[in-house]
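Visitor: I should like to understand how the descriptive terms applied to a protein structure are justified. Could you take me through them one at a time?

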Amino acid sequence: MAKLDTLFHKMLEEEASDLHMTSGRQPMFRLHGDMVPVEGAPSIDKDQMLPLLLEIAPERFREQFEETGDADFAYELPGKARFRVNFFMDHRGPAAVFRVIPSEILTAEQLGLPQSIMNLCQLSKGLVVVTGPTGSGKSTTLAAMVDFINKTRNDHIITIEDPIEFVHQDQNCLVNQREVGEHTTGFKKALRAALREDPDIVLVGEMRDLETIEIAMETAETGHLVFGTLHTTTAASTVDRIIDQFPEARQAQVRTMLAGSLKGVVAQTLCKKKPKGRIAALELLICTKGISALIREGKTHQIPSAMQTGGKQGMKLLNDALLELVTSGQVDAGEAYRKSVDRDALLSQFGSAGIKFDPAELNKATAAPVPAPAPAAEAPASPATLETAAPLMQDPAGMSLSMDDPAPAPTPPAPLPSQAAPAPAPAPTPAPAAPQAAPAPPTAPGVDPFEQFRKNRG
């Protein structure tokens, strides 16, 4: 068993979505949307970090990481879960982020996807785009849609992903899953080849560039159902992003192509759920004749207004989705306000619904107290003072100095918002410690830094 598997098992037990590994820091989970230290886990210095990471990496990705400082691949705990892995280098040394991909695909019913989204899965041709920021659950939503097709249709599905995340078993459909870098050299080449592979449905993990977007639209126009993703936040901005990928001289032609091929946009935003967990707020654009005309005529700025009146067709704006989550008690009003892209309109909707919310109170609740300014220095700061003022830059292990430590010099610099101002007494009272585990003692090369952590768990 790889040493990191201990953390992966704890990650699944805690129901964390991500594991963050940074040289010189204690591992951290993203738990229900918040970053929290892994209880009992040691800090890992950069010399320990590299062998820990390389132990789980296939040979090709080890070489890629050592050559470029980046690597993306998938790792599996058999029978438990798969993980989307990203290795990278930063100013402290090797680092990595692991995203859980459950072995069991959540169904549309479990995710609460509305009927208007499921109707898109019944189309015979067209382009459907699922959008949202990184980490908003696009892959989970797409997996549920493909799973629904797999159970209800008798078709051929081809997926092109980087890396393969959810693994779909053949049910009523034949499913071929291709991984960029492993089974093909790139999205556009695999998408072009897919046209010769007799597909009914094609899933493109990322529409990264002009050529991939163009081939996706052509594939949709030639009688195939194409699912793709972008990193836009709203349905209207998705349409603009696709068109703006092309040179101005071609945009009129692209608008015509897109008006004919685009069938729907699902723009999702992940919110913290009460009392714990996360839930997606879904903005839905269904391409009716009216929406297609707006795209063709270059009037995309009118799409939000058309969506407001398109409720019968299943359309919904992000603010309406956020309001529903607040009124149903699933999401706090402050969380909805943070996630909205049109906050003034959301405040107006809160007022109409009788929801009392004051953004000023939210600011008071989240703002850090600002301490009184320190007295002016009468002499240049000593080297020790300068080191204390920037501990993260001076201590690559992140263990010997803390933002909460009192400055050793008699005349400290003005404290940061997260620092406590040092008391003038010889033995100042330390500020409350941040939620961070005590630093681990140095570990000899080749020794498992998680040995004690594993013993404590077992």
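Guide: Certainly. The model is predicted. In it, strand β4 (residues 70-77) and strand β5 (residues 81-90) pair in the antiparallel sense over eight bridges.

Visitor: What makes β4 and β5 count as paired?

Guide: Two strands pair if there are at least two bridges between them, and β4 and β5 have eight bridges. They therefore meet the definition of a pair. One of the bridges can be located by its residues: Y75 has F83 in β5 as its partner.

Visitor: What lies between β4 and β5?

Guide: The two strands form a hairpin with three residues between them. In the turn, G79 has a positive phi of about 80°.

Visitor: How many bridges join β5 to β6?

Guide: There are 10 bridges between β5 and strand β6 (residues 93-102), and the two strands run antiparallel. Within this pairing, F87 is bridged to A96 in β6. A hairpin of two residues makes the connection from β5 to β6.

Visitor: In what order do the seven strands of the open sheet stand?

Guide: The order is β9-β8-β10-β11-β7-β12-β13, with mixed pairing. β9 (174-179) and β13 (278-286) are at the edges; each has a single partner strand, so one side of each has no neighbour in the sheet. From one strand to the next, the twist averages 15°. Inside this sheet, strand β7 (residues 126-131) pairs with strand β12 (residues 262-272) in the parallel sense, over five bridges. T131 has A267 in β12 as its bridge partner.

Visitor: Why is α7 called roughly parallel to α8?

Guide: Helix α7 (residues 187-194) and helix α8 (residues 210-221) pack at an angle of about 15°, and their axes are 9 Å apart. Angles under 35 degrees count as roughly parallel, so this pair receives that description. The crossing of α7 and α8 is left-handed. F187, K188, L191 and R192 in α7 meet residues of α8, among them I215, A216 and T219.

Visitor: Why is α13 called oblique to α15?

Guide: Helix α13 (residues 318-327) packs against helix α15 (residues 343-352) at an angle of about 40°, with 10 Å between their axes. An angle of about 40° is not under 35 degrees, nor does it lie in the range from 65 to 115 or over 145; α13 is therefore oblique to α15. The crossing of α13 and α15 is right-handed. Residues of α13, including L322, L323 and V326, meet A345, L346, Q349 and F350 in α15.

Visitor: How do you know that C173 and C271 are buried?

Guide: Buried means under 20% relative accessible area. C173 has 3% and C271 has 1%, so both residues are buried. The structure holds zero disulfides.

Visitor: Which residues of α1 are buried?

Guide: In helix α1 (residues 5-14), the buried residues are D5, T6, L7, F8, K10 and M11. Just after α1, E15 has a positive phi of about 60°.

Visitor: What share of the protein counts as buried?

Guide: Of its 458 residues, 45% are buried. The protein has 19 helices and 13 strands. Among contacts between residues at least 6 apart in sequence, 59% join residues at least 24 apart.

Methods: Residues are numbered from 1 along each chain as its sequence is written. This is a predicted model: local features need pLDDT of at least 70, side-chain atom pairs count only at pLDDT 80 or more; totals for chains, interfaces and linings use all residues. Side-chain values use heavy atoms; hydrogens and water are left out. Helices (H or I, at least four residues) and strands (E, at least two) are DSSP runs, numbered from the N terminus. Axes are lines fitted to C-alpha atoms, for helices over the stretch in contact, and angles run from 0 to 180 degrees between N-to-C directions. A disulfide is a pair of cysteine sulfur atoms within 2.5 Å. Buried means under 20% relative accessible area, exposed over 50%, partly exposed in between (1.4 Å probe, protein chains only). A crossing is left-handed if the near helix is turned anticlockwise from the far one by less than a right angle, and right-handed if clockwise. Contact means heavy atoms within 4.5 Å.
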